[in-house]
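Biologist: I would like to know how the labels used for this model are justified. Please show me the structure before we start.

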Amino acid sequence: MSPTVLICDPVDAREGSNGSDAHRLRPPTVRIKRLPHGEGLDLPRYETALAAGCDVRAAIAEGETLVLKPGERFMVPTGIAIALPPGWEAQMRPRSGLAARHGISCVNAPGTIDADYRGELKIVLINHGTEDFAIDRGDRIGQMVFAPVFQARFEEVRELDDTARGQGGFGSTGR
């Protein structure tokens, strides 16, 4: 079976004479490998034309149900691995409907998937709700968003420049 490619190449767009489109990038080409326990599941896909995130599914064993009790967390397998181009990350985020209706979220939201990671994608779900939550094979359990990233250069200095905010943090700007 040949690898599937999600067309979701970081190249800056220098369209237009006024540079108004200079902030736009072409989406990365994400190589995706379906793992044996992911056979038969839909690959990640965007559910609407302008969706920012593509839905990712649970690769629970056929015929089994994973039950998350209130307060429990579990690393749910997706049955896929990806290869991102350098300069890109994938972020795994909760699905808003699961959060609003059932209190289901990702523990480390957003979870970062680095461009050099090649293992299976897993989503660390937690049940913040008051009732058990059942997850079956193929359920949409998270959404993956792609973003360009930079590795910063660090410069040690004796003092930082002053700003109006200064050292104010953790609520210092008001409600």
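Modeller: The turns below take some strands and a nonpolar core and set them against their definitions; the model is a predicted one.

Biologist: What makes strand E5 mostly covered?

Modeller: A residue is buried when its relative accessible area is under 20%. In E5, residues 73-83, eight of the 11 residues are buried, so the strand is called mostly covered.

Biologist: How do you know that E5 and strand E9 pair?

Modeller: Pairing takes at least two bridges between two strands. Six bridges join E5 to E9, residues 120-127, so the two count as paired. They run antiparallel. Met75 stands opposite Val124 in E9, and Arg73 stands opposite Ile126.

Biologist: Which strand is joined to E5 by four bridges?

Modeller: That is strand E2, residues 29-34, and it runs antiparallel to E5. The bridge partner of Arg34 in E5 is Ile80. Four bridges meet the minimum of at least two, so E2 and E5 are paired.

Biologist: Why are strand E7 and E9 said to pair?

Modeller: E7, residues 104-106, and E9 have three bridges in the antiparallel sense. The definition asks for at least two, so they pair. Ile104 stands opposite Asn127 in E9.

Biologist: Is E9 mostly covered or mostly exposed?

Modeller: E9 is mostly covered, with six of its eight residues buried.

Biologist: What makes Leu125 a buried residue?

Modeller: Leu125 belongs to the largest nonpolar core, which has 29 residues. A nonpolar core is a set of buried residues, so Leu125 is buried. Leaving aside neighbours within four places in sequence, the contacts of Leu125 include Val76 and Ile135. Both are, like Leu125, among the core residues that touch the most other members.

Definitions and conventions. Residues are numbered from 1 along each chain as its sequence is written. This is a predicted model: local features need pLDDT of at least 70, side-chain atom pairs count only at pLDDT 80 or more; totals for chains, interfaces and linings use all residues. Side-chain values use heavy atoms; hydrogens and water are left out. Buried means under 20% relative accessible area, exposed over 50%, partly exposed in between (1.4 Å probe, protein chains only). A nonpolar core is a set of buried Ala, Val, Leu, Ile, Met, Phe, Trp, Tyr and Cys residues joined through side-chain atoms within 4.5 Å. Contact means heavy atoms within 4.5 Å.
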